[in-house]
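Student: I should like to understand how the terms used for a protein model are justified. May we go through some of them in turn?

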Amino acid sequence: MSVTSKTLPRALATLVAGALFGFGLSLSTMIRPEVVLSFLHLNDFGLMLVMGGAVAVVVPAYKLAPRLLGRPLLGDVFRRHASVWNRDTLVGAALFGVGWGLCGVCPGPAIAGLGAGNWSLLWALAGIALGALLQGLRSDARPYNQRLTPDL
């Protein structure tokens, strides 16, 4: 199977997975900032149940799929994503947490919330895009050997 012949199935799989993810976020009310903020105020732990349920499904699937399938359905080999832990990761995580606490949504639920008609989330998405743009410009301004992109 050539690379070009895998493009349509991959695109369809991505579309189905994204729709499933968005539906799950909507069904679990994670697209409502007030629900997330209630969790962050330690008043409602439903969000923890949603996250725990997702982890309980994904971790076994990630561990079992390579053993059961041998190779991905739409790829050549299973690969690990090279993670980099450094100062930028720590600062980025802290900034993400502050932004999440201020607006009550992270990128996935914000996009899914638009599908449910919550147009005020456009402000959050604009902020997310602006932050990503600024980080991209900052990264491009650094010398190549100082960029911390993982080797693929």
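Student: In which loop is the place of T29?

Tutor: This is a predicted model. In it, T29 is in the loop between α1 (3-27) and α2 (33-40). T29 has a positive phi of about 65° although it is not a glycine.

Student: Why is T29 called partly exposed?

Tutor: The relative accessible area of T29 is 28%. Buried means under 20% and exposed over 50%, with partly exposed in between. The value of 28% lies in between, and therefore T29 is partly exposed.

Student: What makes L42 count as exposed?

Tutor: L42 lies in the loop between α2 and α3, and has a positive phi of about 60° although it is not a glycine. Its relative accessible area is 60%; the cut-off for exposed is over 50%, so L42 is exposed.

Student: Why does N86 count as buried?

Tutor: N86 lies in the loop between α3 (46-69) and α4 (87-103). Its relative accessibility is 19%, and buried means under 20%; therefore N86 counts as buried. A polar atom of the N86 side chain lies 2.9 Å from the backbone nitrogen of D88.

Student: Why is α5 called oblique to α6?

Tutor: Helix α5 (residues 107-115) and helix α6 (residues 121-141) pack at an angle of about 140°, their axes being 9 Å apart. Roughly antiparallel requires an angle over 145, and roughly perpendicular 65 to 115. The angle of about 140° fits neither, so α5 is oblique to α6. The crossing of α5 and α6 is left-handed.

Technical notes. Residues are numbered from 1 along each chain as its sequence is written. This is a predicted model: local features need pLDDT of at least 70, side-chain atom pairs count only at pLDDT 80 or more; totals for chains, interfaces and linings use all residues. Side-chain values use heavy atoms; hydrogens and water are left out. Axes are lines fitted to C-alpha atoms, for helices over the stretch in contact, and angles run from 0 to 180 degrees between N-to-C directions. Helices (H or I, at least four residues) and strands (E, at least two) are DSSP runs, numbered from the N terminus. Angles under 35 degrees count as roughly parallel, over 145 as roughly antiparallel, 65 to 115 as roughly perpendicular and the rest as oblique. A crossing is left-handed if the near helix is turned anticlockwise from the far one by less than a right angle, and right-handed if clockwise. Buried means under 20% relative accessible area, exposed over 50%, partly exposed in between (1.4 Å probe, protein chains only). A polar contact is a pair of N or O atoms within 3.5 Å; within protein, one must be able to donate a hydrogen and the other to accept it, and residues adjacent in sequence count only if both atoms are side-chain atoms.
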